[in-house]
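Subject: Structure handover

Hello,

Here is the structure for your files. My notes on what was found follow below it.

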Amino acid sequence: MNSHSHNGGLGQLLGSGPGALGRDPTDPEAGRAPQPLHSPGLQVVVAKSEPAEPSPSSPRGQPQDEDKEEDKDEEDEAGRRGHSGKPLNAGHRLGHRRALFEKRKRLSDYALIFGMFGIVVMVTETELSWGVYTKESLYSFALKCLISFSTVILLGLVVLYHAREIQLFMVDNGADDWRIAMTCERVLLISLELVVCAVHPVPGHYRFTWTARLAFTYAPSEAEADVDVLLSIPMFLRLYLLGRVMLLHSKIFTDASSRSIGALNKVTFNTRFVMKTLMTICPGTVLLVFSISSWVVAAWTVRICERYHDKQEVTSNFLGAMWLISITFLSIGYGDMVPHTYCGKGVCLLTGIMGAGCTALVVAVVARKLELTKAEKHVHNFMMDTQLNKRVKNAAANVLRETWLIYKHTRLMKKPDHARVRKHQRKFLQAIHQLRSVKMEQRKLNDQANTLTDLAKTQSVMYDLVAELHAQHEDLETRLAALESRLDALAASLQALPDLVAQAIHPPPPPLPPRPGPGPPAPAAWSPSSWWPPATSSDCG
């Protein structure tokens, strides 16, 4: 990431200059492809073709050394730009961006591998130093050196990863100076990430006095503990690299069409979005993996925190620590096991919070799994509607039957039986009540069938209908305008009709006959014009 700048090292603004978008304007006469303006040959030709004007401050007749030096500096700058790996046009820019994506993904994979390797070696060294050998042994020193070596490599990979991130920012925004991408937020995040990855047990044997209060007896307890305990537990924070790898290897993130759709809908593709999609696709697997992994890590952490003060090996035993974490995770808390140190109490507190969240997620996932699909809802609603229609018909038939029986026993019988009449009246009221209840159930079913999806579909249909009506209204207005123009033309024709009729009834007089020549007059043939009187000399004037 070399910063190319002009005029005393100041970086160009974003989008300024002809090379900001990675392309240059084409030649309108030659019609060739766009050529980069920052080529060494072009700079040399321009520098040689334009003569240097003498500056007013320099004496006449002396060579302009300063101008020549500036021209040489510009040529060197152009040469570095031409031979650098920076893309010059859209094709090079996209290719360079794709290569940076692949390099960034590879660096993230390597960082996760070395981070997990450091965690595994740390756990191995901690367990072996407790029962197999001591912290002063050569084996412990060798394993800690291996952890330090992997940590140094991890820090280098993290730095290279963020360097690729800054290069991608420069390519996407057309920036020339990498310092433009170094905002305060980015600097803080990089620093925090380096600090998290740098924490590890250093080679050597260092101890401190750990004071705690026992749970049931409340007696103070002091023990000589290793500093490695305080440096080993934060190494589990390196597991954040797993989320980065999941993001960079996700098909949603690597697919160009998905990223385009997300950009159009203003959706940011980050680790949170990938986790949401995984919870939508396979929620059971995600919750199972998260619960088991957090259970194991929390149990091992409690065991490490409690081993110096648990003389009876209740919580310092791995199985006992797993039992303590499980009853805390499930919010049961029998009280048979209690952590002694603040470290163990803090881990149990975080475990209880994670357990409450996981329980809520499990309830939500189970409720979503038990919910009917859209097709199943339609089938269920159709079956229930059919059954309710049958019940409505039966209830209506019962009402009619009891009405007829009441009329029969009160009007058609000579001696009406009042007991039977009251019986049928009672059945009549029950049939009416049953009919009303069935209709209420049918109304509730219709309300449940109108879900948000159906309402959205109805809204879209109404929107299409309104758009179609608007188009028809515009078409009708166009036709009315054309009809009005035709009516205006017809009215003008009707106004000119009397003049045309008058001209047809009274034709204009014919033209005058030509004058006779000097020869003998020809016998005049009979024609209608002979009826007109001959023209006199005064008329011909």
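Helix H12 is largely enclosed by the rest of the structure, because nine of its 12 residues are buried. This is read from a predicted model, as is everything below. The buried residues of H12 are Gly320, Ala321, Met322, Leu324, Ile325, Ser326, Ile327, Thr328 and Phe329. Their cover includes H11 and H13. H12 takes in residues 318-329 and runs 16 Å from its first C-alpha to its last, close to the 16 Å expected at 1.5 Å a residue. After the helix comes Ser331, with a positive phi near 60°.

Trp323 of H12 is not among the buried residues: its relative accessibility is 37%, so it counts as partly exposed.

The chain as a whole

The chain has 541 residues, of which 26% are buried. It contains 17 helices and two strands. Of the contacts between residues at least 6 apart in sequence, 67% join residues at least 24 apart. The exposed area is about 37700 Å², and carbon and sulfur atoms supply 64% of that.

The disulfide

How many disulfides does the structure hold? There is one, and it joins Cys305 to Cys343 with an S to S distance of 1.9 Å. Cys305 lies in helix H11 (residues 283-306) and Cys343 in helix H13 (residues 342-370), so the bond ties together parts that are 38 residues apart in sequence. The two ends can also be described by accessibility. Cys305 is buried, at 0% relative accessibility, whereas Cys343 is partly exposed at 26%. Two further cysteines have values as well: Cys282 is partly exposed, with a relative accessible area of 27%, and Cys358 is buried at 5%.

Nonpolar cores

The largest nonpolar core has 14 residues, and Met122, Trp210 and Tyr308 have the most contacts inside it. Helix H3 (90-131), strand E2 (220-226) and H11 each give two or more residues to this core. Leaving aside residues up to four places away in sequence, Met122 touches Ile147, Pro201, Ser232, Met235, Phe236 and Trp300. There is also a second, separate core of 11 residues, which includes Ala299, Ala321, Ile327 and Val347. Ala321 and Ile327 were listed above among the buried residues of H12.

Aromatic pairs

A search of the whole structure gives eight aromatic pairs. One of them is Phe236 with Trp300, an edge-to-face pair at 5.7 Å centre to centre with 65° between the planes. Phe236 sits in the loop between helix H6 (228-232) and helix H7 (240-249), and Trp300 in helix H11; the pair links distant parts of the chain, 64 residues apart. Both residues, Phe236 and Trp300, are buried. The rings of Trp323 and Tyr334 have centres 5.9 Å apart and planes at 5°, so this pair is stacked. Trp323 belongs to H12 and Tyr334 to the loop between H12 and H13, so the pair ties together parts that are 11 residues apart in sequence. Tyr334 is exposed, with a relative accessible area of 55%, and Trp323 is partly exposed at 37%.

Ring pairs also link Trp130, Phe208, Trp210 and Tyr308 into a cluster. Trp210 and Tyr308 appeared above too, with Met122, as the residues with the most contacts inside the largest nonpolar core.

Backbone points to check

Besides Ser331, which of the residues other than glycine have a positive phi? Tyr218 has a phi near 55°, and Lys266 has a phi near 60°. Tyr218 is placed in the loop between strand E1 (207-213) and E2, and Lys266 in the loop between helix H9 (256-264) and helix H10 (271-281). Tyr218 is exposed, with a relative accessible area of 56%. Lys266 is exposed as well, at 78% relative accessibility.

Regards

Key: Residues are numbered from 1 along each chain as its sequence is written. This is a predicted model: local features need pLDDT of at least 70, side-chain atom pairs count only at pLDDT 80 or more; totals for chains, interfaces and linings use all residues. Side-chain values use heavy atoms; hydrogens and water are left out. Helices (H or I, at least four residues) and strands (E, at least two) are DSSP runs, numbered from the N terminus. Buried means under 20% relative accessible area, exposed over 50%, partly exposed in between (1.4 Å probe, protein chains only). Contact means heavy atoms within 4.5 Å. Accessible areas come from the Shrake-Rupley method with a 1.4 Å probe; for residues, only the protein chains shown count as cover. A disulfide is a pair of cysteine sulfur atoms within 2.5 Å. The expected span of a helix is 1.5 Å times one less than its number of residues. A nonpolar core is a set of buried Ala, Val, Leu, Ile, Met, Phe, Trp, Tyr and Cys residues joined through side-chain atoms within 4.5 Å. Rings of Phe, Tyr and Trp (its six-membered ring) pair if their centres lie within 6.5 Å; planes under 30 degrees apart count as stacked, over 60 as edge-to-face and the rest as tilted.
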